[in-house]
There are 4 protein chains.
Amino acid sequence: MKLQTEPAVPTNCNADCSTAYEALRARYERVRARTSSLAEPLSAEDCCVQSMPDASPVKWHIAHTSWFFETFILEQHDPDFRPFNAEFRILFNSYYNGIGEKHPRAQRGMLTRPSLAEVQAYRRHIDERMIELLTRPQVLPAISALVEIGLQHEQQHQELMLTDVKHLLSNNPLLPAYAPETFKTDTQSLAFDWFEFASGVVEIGYCGNGFCFDNEMPRHRQFVERFAIASRLITNGEFLAFIEAGGYTDPAYWLSQGWDWVRDHHITRPLYWQRAEAGHSSIWQEFTLYGLQPLDLARSAMHLSYFEADAYARWAGARLPTEAEWEHAAAEMSEHVAVERLHPQASDQPGLSQLFGTSWQWTSSSYAPYPGYEPEEGLLGEYNGKFMVNQYVLRGSSCVTPAGHTRQTYRNFFPADARWQFTGIRLAKSIRN
Amino acid sequence: MKLQTEPAVPTNCNADCSTAYEALRARYERVRARTSSLAEPLSAEDCCVQSMPDASPVKWHIAHTSWFFETFILEQHDPDFRPFNAEFRILFNSYYNGIGEKHPRAQRGMLTRPSLAEVQAYRRHIDERMIELLTRPQVLPAISALVEIGLQHEQQHQELMLTDVKHLLSNNPLLPAYAPETFKTDTQSLAFDWFEFASGVVEIGYCGNGFCFDNEMPRHRQFVERFAIASRLITNGEFLAFIEAGGYTDPAYWLSQGWDWVRDHHITRPLYWQRAEAGHSSIWQEFTLYGLQPLDLARSAMHLSYFEADAYARWAGARLPTEAEWEHAAAEMSEHVAVERLHPQASDQPGLSQLFGTSWQWTSSSYAPYPGYEPEEGLLGEYNGKFMVNQYVLRGSSCVTPAGHTRQTYRNFFPADARWQFTGIRLAKSIRN
Amino acid sequence: MKLQTEPAVPTNCNADCSTAYEALRARYERVRARTSSLAEPLSAEDCCVQSMPDASPVKWHIAHTSWFFETFILEQHDPDFRPFNAEFRILFNSYYNGIGEKHPRAQRGMLTRPSLAEVQAYRRHIDERMIELLTRPQVLPAISALVEIGLQHEQQHQELMLTDVKHLLSNNPLLPAYAPETFKTDTQSLAFDWFEFASGVVEIGYCGNGFCFDNEMPRHRQFVERFAIASRLITNGEFLAFIEAGGYTDPAYWLSQGWDWVRDHHITRPLYWQRAEAGHSSIWQEFTLYGLQPLDLARSAMHLSYFEADAYARWAGARLPTEAEWEHAAAEMSEHVAVERLHPQASDQPGLSQLFGTSWQWTSSSYAPYPGYEPEEGLLGEYNGKFMVNQYVLRGSSCVTPAGHTRQTYRNFFPADARWQFTGIRLAKSIRN
Amino acid sequence: MKLQTEPAVPTNCNADCSTAYEALRARYERVRARTSSLAEPLSAEDCCVQSMPDASPVKWHIAHTSWFFETFILEQHDPDFRPFNAEFRILFNSYYNGIGEKHPRAQRGMLTRPSLAEVQAYRRHIDERMIELLTRPQVLPAISALVEIGLQHEQQHQELMLTDVKHLLSNNPLLPAYAPETFKTDTQSLAFDWFEFASGVVEIGYCGNGFCFDNEMPRHRQFVERFAIASRLITNGEFLAFIEAGGYTDPAYWLSQGWDWVRDHHITRPLYWQRAEAGHSSIWQEFTLYGLQPLDLARSAMHLSYFEADAYARWAGARLPTEAEWEHAAAEMSEHVAVERLHPQASDQPGLSQLFGTSWQWTSSSYAPYPGYEPEEGLLGEYNGKFMVNQYVLRGSSCVTPAGHTRQTYRNFFPADARWQFTGIRLAKSIRN
């Protein structure tokens with residue numbers, strides 16, 4: 001199975017490369033346009049505010065993704081380069097110490113200036129220069145790999161735009177919808193099943209001609225003991241059973257640090273769940289990008305921390321998969337990739353389903369370099385490696401992951417207490433020989 | 001001297017009150033229009049963001065001042081009252097527990113919805129209803145005092161809008177100006193002088209027919225020992241001498257808590273001062289509502305905490321005045337009230353100058369009830385009294401205090417570490433008989 | 001009424017001063033011996049631990065009070081002076097920046113070395129040197145005032161030793177008693193009454209030949225409006241009525257900052273109260289220096305913050321007295337001073353009782369310099385003045401205040417949220433003419 | 001190589017087990033006596049104070065290790081069991097939720113009562129009961145495994161006693177020595193070398209008849225790519241070169257979280273290093289359990305966080321080993337185990353030296369369950385598993401690890417910012433085929 005759906009430009013194309021370059025240019029325009037379209041339902045105010053240090057304003061995402069092309073491509077390769085605004089070099093640097101100073105992350109929401117309109121003008125300017133550059137045959141070999149990284153980077157930020165704006169809107173007592181829609185909740189999920197895999201040396205990590213991040217390489221061997229993995233993700237209904245069984249009140253299910261987190265933050269349910277009084281009883285609701293909706297028991301439970309995922313697994317007599325197990329299992333199965341939406345639908349596919357397009361899946365693997373890992377050369381060397389501590393790997397992709405930004409070998413990662421991403425649970429278990 | 005320049009409506013006018021009511025309506029329209037005009041230089045983004053828990057977004061000020069009229073007047077006295085939006089009752093309640101729930105203060109910046117446009121529509125709606133109410137003779141006696149409070153309250157928020165937006169803009173590395181202007185800095189200040197007052201029983205507090213807040217009453221007697229008070233405020237040049245003499249590095253000048261504050265927050269200069277490298281030397285600059293400007297040594301030093309004011313006074317061999325001393329001295333002098341601007345000008349008036357219209361003046365008096373103080377009756381009883389602890393009284397008014405919102409008896413108050421208000425230093429000293 | 005019971009040494013005694021000096025020496029020995037005796041029920045471990053940054057270990061008190069004599073007297077006036085241990089100069093400096101470096105307050109509990117035995121040896125050494133010095137006629141005029149300050153300072157620390165060790169023991173789940181005793185709780189309190197005072201200019205502040213602190217001077221005039229003051233302190237029974245009336249759950253009674261404090265710290269009762277299940281019902285108990293005891297409803301309610309005292313007064317339709325009111329009332333009355341104990345007894349004195357010897361009484365007066373205040377000259381100038389911000393004055397004295405360390409003009413002070421001192425409530429009210 | 005030096009009791013000994021039981025009893029007495037002897041140089045005060053929430057008072061260690069035997073053995077198996085003091089069950093429970101309530105970890109230093117003498121009496125009582133139990137043949141099969149766990153647990157606490165008391169003494173400005181000794185610093189370290197290992201499936205984890213913790217099992221297969229490991233630990237001299245090369249000031253060497261940690265805590269050197277002025281120059285010193293000593297450049301650098309170890313490795317062009325690499329390398333080598341001391345000596349052994357007895361060695365492996373891991377049954381199931389998040393594995397042992405408490409398969413673990421343990425650096429590197 002090969003999920004890479006967008007054509008990548010070959011790094012060496014000796015003969016006529018024009019088709020490949022045209023494809024790259026078209027792809028550039030398509031990916032960039034999508035970022036703008038994601039901001040369309042939002043006002044300048046919505047795009048400006050930062051709801052917590054972990055999240056960034058949408059306007060910042062719009063600017064930073066342009067800064068990325070300006071800093072890593074135009075500045076190096078455009079002979080006519082002049083900075084659009086010299087101050088943006090600092091304002092929209094995310095974390096690259098090699099580039100120089102940075103505006104502090106927690107202060108991104110202070111930037112009411114430049115305005116959204118100015119940032120959009122900045123974006124248009126960068127696009128003009130990039131399109132121009134992408135038509136110069138002599139420059140293209142030097143930049144095509146960087147362009148691809150820039151587009152992958154932009155797709156990562158597209159997902160973050162949606163998770164960050166979801167968090168922002170959830171902090172508004174009016175609970176506004178990002179997009180209007182009411183979904184029906186009488187859906188049904190397929191039965192839960194286990195798929196078994198034998199022990200042995202397996203290979204994981206990327207090895208191919210397409211794009212991947214440095215953290216997916218090198219492809220290498222790991223020994224996997226016999227295990228089984230769940231056919232689908234845990235549903236809201238199943239997670240509700242954990243709550244009703246006292247899951248959040250019994251330390252026996254929790255990692256020690258997880259239990260401290262539950263008590264310090266008074267955690268009693270997934271991030272976006274709430275309970276509404278309805279006459280004599282009460283019903284569960286879930287805040288979504290479509291606004292507040294009744295909780296659909298058949299859909300996947302989401303916005304769970306690693307701590308919650310691990311506690312659920314323990315309660316259920318199972319565990320989370322390692323990333324090697326997950327990738328090995330995924331490689332064996334073929335899967336229909338879910339259509340991109342703003343909230344996942346219930347599983348309706350037999351086999352090993354919901355690997356992609358529903359919700360990221362916590363693994364028990366701490367984010368660490370693969371044996372022989374080497375960071376990207378140059379300024380982009382800070383992209384991945386420096387985050388390899390105290391984070392846990394998530395595999396698959398979510399309903400808000402852009403189409404084409406999905407790989408079996410993809411390694412997403414977040415701290416154990418992060419919940420604002422679309423993160424859910426796929427169980428695994430060891431099987432004794 | 002009577003500073004009350006706006007006509008207040010007599011609480012009892014037996015004969016023809018129509019002129020008084022027309023004046024109130026006109027004043028209502030004038031004050032309300034000024035709030036809107038203050039927001040004009042700002043974008044929706046500027047109006048939405050909250051730069052710190054102490055400051056509120058401009059949009060919130062615009063909405064809250066309308067909420068005040070809706071909640072305390074329309075809801076009680078408009079027979080056709082229907083809430084513009086029932087959720088605004090919670091969203092825009094500042095601190096009135098008697099009204100019910102409140103949106104948390106530190107979360108005011110999360111309200112990207114309602115949009116600025118919606119809040120402006122809310123404002124227009126409240127104005128329509130209020131104007132309509134203000135033409136009904138039978139309702140007017142019951143509401144005119146409340147309208148006056150509402151307008152005074154609105155004027156307080158007009159000043160806060162400017163101090164809060166100044167703080168916000170100062171957090172932006174681009175240091176944008178609220179209003180474009182460059183001012184010349186070769187101004188001169190009058191010589192510093194002392195004015196003496198004999199000991200004796202004096203009366204302070206409001207006693208008249210105009211408007212005052214409950215905390216200014218009752219007028220009562222205090223015994224004042226012999227003292228002298230400074231003819232004008234401390235200038236930037238004088239404060240710079242304190243810095244250059246090591247004022248911020250020697251604990252001998254500081255209250256113990258002030259010294260902790262200096263070290264914990266690495267305080268080395270007034271809030272909006274900064275030092276710019278200029279060739280081989282460096283110059284002092286000050287961020288103002290007109291943007292970054294060279295520091296004018298003749299203008300008043302501002303944006304100083306109580307701790308800094310007290311330390312400066314000790315270094316200068318003087319002290320801060322008590323509020324009784326300040327009010328007693330002010331009552332004896334007549335003064336030209338400075339024209340309202342966005343940044344103060346240097347003193348050019350002989351006599352006891354800069355009492356009003358330059359910068360608020362820290363007194364050494366803790367904010368406390370006057371003997372016999374009784375809070376406003378009803379829901380507005382929470383307006384003042386509950387803040388009477390751990391705050392210090394400021395007297396006078398600043399360059400951004402609205403015209404007509406100035407009284408000798410006016411008691412402003414802030415915690416000892418607050419610096420984002422226009423707050424400066426007038427010295428006093430005791431004189432032995 | 002003159003409460004000063006210990007003979008002070010006249011600053012000028014031209015003739016034979018030997019009796020006065022002998023008295024001073026005897027008093028030195030008596031006060032110093034009492035500090036040691038207060039530590040007797042405690043183990044070295046009890047004396048070493050610091051239960052919170054506000055409190056100090058008993059061993060530190062024992063050392064610091066000796067350090068005071070060493071630093072301010074022996075070092076200056078003993079011709080044979082040699083430091084007992086040069087490192088103690090830093091270790092046992094409390095807050096005198098003029099002396100040089102200080103061991104950080106919050107780290108006092110780290111000092112397991114020097115041991116208690118070494119500190120006691122240090123103490124004995126200082127006493128030997130001091131006694132020797134106190135017999136030299138030529139030195140005595142220069143040091144007798146300093147000795148008096150040192151003894152007054154020591155008495156202050158005697159009270160702190162008891163409040164700090166009470167706090168420490170209360171943090172131990174075993175709730176050990178400092179001294180064994182069980183007290184009966186069926187005591188009765190005198191009826192509550194009001195004493196009225198007319199308006200007028202009154203004098204407050206110290207003026208006499210005895211000892212007082214710099215903050216009690218100069219004696220000066222204040223104007224006091226007509227008021228009444230309560231005959232005795234509020235009892236546990238009365239405070240319990242406040243609790244049962246929902247006093248801790250209704251913001252209407254609280255200063256805004258007080259209400260934040262109540263909610264942030266989940267305050268529902270005085271510091272040392274607790275509720276014990278007893279079969280089907282529950283009883284209130286109070287932790288005392290005699291251990292856990294049933295709550296005696298007739299004794300004074302204690303260990304209350306300023307916030308709680310103020311809220312109680314508002315609930316009761318009264319207010320706290322100003323310090324001028326308190327001192328004026330106290331000056332008019334004569335009173336039997338309660339015998340020093342470790343927990344107060346109920347009031348059994350007619351008239352204005354419990355001024356002294358029961359519990360400190362919060363006033364509504366912020367701690368500020370008197371008009372014309374001048375700090376002590378020299379190194380001791382840091383003793384009082386630098387604390388005059390964000391603290392409230394307490395008057396009277398408590399059951400653990402040393403005999404002879406009590407004056408009508410005495411000004412104790414603590415922040416509004418402090419509760420570990422013996423602090424209670426005397427009500428006042430304004431009376432309209 | 002087999003490091004297990006103490007005889008363990010066979011779980012099944014059908015014939016005459018008396019020798020084995022006698023050995024267990026002797027071992028019980030020996031291990032328990034060592035705990036007491038470790039406290040001998042300390043006063044009751046030293047044993048009582050807690051220097052930070054991560055560290056515990058020595059008295060608490062003494063009590064808790066007895067509590068362990070009382071709770072998990074005597075309470076279940078002693079027919080005459082009566083609690084020594086029922087309150088100790090809560091006071092000295094470390095983290096076992098299954099046992100019930102716990103005294104909060106950060107409050108352990110508040111326990112001035114029970115006194116050290118009482119805790120020693122408690123200890124003697126438990127020892128009497130245990131010795132008595134260890135002579136009953138019918139009970140022994142049921143308890144011998146638990147006794148072994150109790151003794152291993154006690155040895156872990158013996159190491160913690162020394163690390164915790166070292167931290168406490170370092171917080172005292174007097175920098176007292178735990179034990180008097182001055183060591184010479186002109187020692188020499190062996191040359192640094194690399195040992196290579198081929199790729200392949202290796203086995204790690206415990207498999208034998210002796211004791212191990214549940215986290216060391218099951219023995220399982222891992223695939224290891226080709227790598228090399230350092231012959232000895234990084235020395236103080238080598239680490240000093242990192243400092244002098246600007247290691248603490250260049251973010252390029254640091255994990256992003258590590259860099260935040262460096263700046264937030266102003267980290268510029270290993271925990272116990274300090275610089276002393278000496279005339280015109282300055283020298284490096286290191287606080288040790290022998291007091292402050294000149295820094296010996298040949299000894300191992302210690303008291304380093306994972307962040308520092310990782311940064312050093314990156315600077316040195318290497319990396320930290322995984323735990324599989326470390327264990328595989330250790331299994332191939334035989335080693336002289338260093339004699340237990342309070343501070344390590346420089347390496348003088350050829351081959352792969354300093355695996356044990358010098359300093360724990362950070363691995364790049366996050367602490368996680370082995371495939372097929374099952375926690376201990378019953379109340380002791382909380383011993384290890386619940387800590388398996390956000391911690392990194394350390395291998396080997398330190399100079400303060402008790403003799404006989406050392407295994408190739410032993411997994412120690414601490415958070416990435418922990419520095420108060422004896423933790424150092426052994427480098428590794430990947431080798432391409």
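**Exercises: where chain A meets chain B**

In this predicted model, the interface of chain A and chain B holds ten residue pairs in polar contact, both partners at pLDDT 80 or more. Let's work through that interface together.

**Exercise 1.** Find which helices of chain A supply at least two residues each to the side that touches chain B, and describe that side by class.

*Solution.* Start with the helices: H2 (44-48) and H6 (140-170) of chain A each supply at least two residues. Next, look at the shares: H2(A) gives the largest, with four residues. Finally, sort the side by class: 16 residues are nonpolar, nine are polar and five are charged.

**Exercise 2.** Work out how much area is buried between the chains, and which three residues of chain A supply the most.

*Solution.* The area buried between chain A and chain B is about 2,400 Å², and carbon and sulfur atoms give 56% of it. Now turn to chain A: A:Glu45, A:Met110 and A:Arg113 supply 32% of what chain A buries against chain B, more than any other three residues.

**Exercise 3.** Count the salt bridges across the interface, then locate the one that involves A:Glu45 and B:Lys59.

*Solution.* The rule finds four salt bridges. The cut-off is 4 Å from nitrogen to carboxyl oxygen. The side chains of A:Glu45 and B:Lys59 meet at 2.3 Å, N to O, so this pair counts as a salt bridge.

**Exercise 4.** Determine how the two copies are related.

*Solution.* A rotation of 180 degrees, with 0.1 Å of shift along its axis, superposes chain A on chain B with an RMSD of 0.0 Å. The copies are therefore related as by a two-fold rotation axis. In chain A, the C-alpha nearest that axis belongs to A:Glu45, 2.5 Å from it.

How values were computed
Residues numbered from 1 in each chain as written. Chains lettered and ligands numbered in written order. Predicted model: local features only at pLDDT ≥ 70, side-chain atom pairs only at ≥ 80, totals over all residues. Heavy atoms only, no water. Buried area = accessible area lost by both parts, 1.4 Å probe. Polar contact = N/O pair within 3.5 Å; in protein donor to acceptor, adjacent residues only side chain to side chain. Nonpolar A, V, L, I, M, F, W, Y, C, P; charged D, E, K, R; others polar. Least-squares fit on C-alpha atoms with pLDDT ≥ 70 in both.
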